[in-house]
Amino acid sequence: MSTIAVVPGSFDPVTLGHLDVIERAAGIFDEVHVVVVHNPAKEAMLPIAQRVSLIEQAVADRALPDSILVTSWSVGLLVDYCSDVGASVLVKGVRSQVDVAYETPMAIVNRNLAGVETIFMLPDPAHAHVSSSLVRQVSALGGDVAPYVPRAVAEYLDTVDQD
Ligand code: PNS
């Protein structure tokens, strides 16, 4: 039986750390669905459709496996998406104890709600300090975000900054 894993997140924007987790998840699971979800606790910078498009471009630029599908979900619980597509696993990157503390309650709730398991993946140390919020801040203040994000994101943020 094939196993579908979901890599969910705000991805506002996708970073090299996210891409590392997506690529490594694709090496483990038969299908990986990268699902962009609005997080009401965070003020968004990019529209959801733009975030999906940037992840798609990054996946294509890296020639990642075509077992990776990029989509968004806005009509209910994340586990409802998992049920709809038959996904049994969520994959989350955790950079620190802070991330583990943030992710643990969600992992327990998602398992209680629908039996969906969460696997925590450690980032490549090269990306352990990278976050979307850091990228948003550096970009907003005119700094160079190229070391932290896929090329498509850096180019997109450059054009937005020039507007
Ligand atoms: O990248 P983020 O912002 O840390 O991702 C958090 C996200 C969007 C994955 C999380 O907020 C989520 O799963 N939202 C969907 C709504 C949901 O199912 N909530 C209940 C279980 S946590």
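How far does a polar side-chain atom of Asn 39 lie from an oxygen atom of the ligand? The distance is 2.9 Å, and it makes a good starting point for a walk through this predicted model. In the model, local features need pLDDT of at least 70 and side-chain atom pairs count only at pLDDT 80 or more, while totals for chains, interfaces and linings use all residues. Residues are numbered from 1 along each chain as its sequence is written, and side-chain values use heavy atoms, with hydrogens and water left out.

Let's stay with the ligand. A polar contact here is a pair of N or O atoms within 3.5 Å. Besides Asn 39, Tyr 102 brings a polar side-chain atom to 3.0 Å from a ligand oxygen, and Leu 78 places a backbone N or O atom 2.8 Å from a ligand oxygen. Taken alone, the ligand exposes 530 Å², of which the protein buries 81% (accessible areas by the Shrake-Rupley method with a 1.4 Å probe).

Now look at the residues around the ligand, meaning those with a heavy atom within 4 Å of it. They include Pro 8, Gly 9, Ser 10, Lys 42 and Met 106. Helix H4 gives the largest share of this shell, 3 residues. By type, the shell holds 6 nonpolar, 4 polar and 1 charged, where Ala, Val, Leu, Ile, Met, Phe, Trp, Tyr, Cys and Pro count as nonpolar, Asp, Glu, Lys and Arg as charged, and the others, Gly among them, as polar.

Step back, and you will find that the ligand takes up the space of the largest pocket (more than half of its atoms lie within 2 Å of the pocket's grid points). On a 1 Å grid over the protein atoms alone, a pocket is an open set of points with protein on both sides within 12 Å along at least five of seven lines, and lining residues have an atom within 4 Å of a point. This pocket holds about 1000 Å³. Of its 38 lining residues, Pro 8, Gly 9, Ser 10, Tyr 102 and Glu 103 are the closest to its centre. H4 (97-114) again leads, with 6 residues of the lining.

Finally, there is 1 cavity of 30 Å³ or more, a cavity being a set of points where a 1.4 Å probe fits but cannot get out. The largest cavity has about 60 Å³ of space. Among the residues that line it are Ser 10, Asn 39 and Lys 42, and its lining divides into 1 nonpolar, 3 polar and 5 charged.

Definitions and conventions
Points joined across faces, edges and corners; volume = space filled by probe spheres on them. Helix = DSSP H or I, 4+ residues; strand = E, 2+ residues; numbered from the N terminus. Polar contact = N/O pair within 3.5 Å; in protein donor to acceptor, adjacent residues only side chain to side chain.
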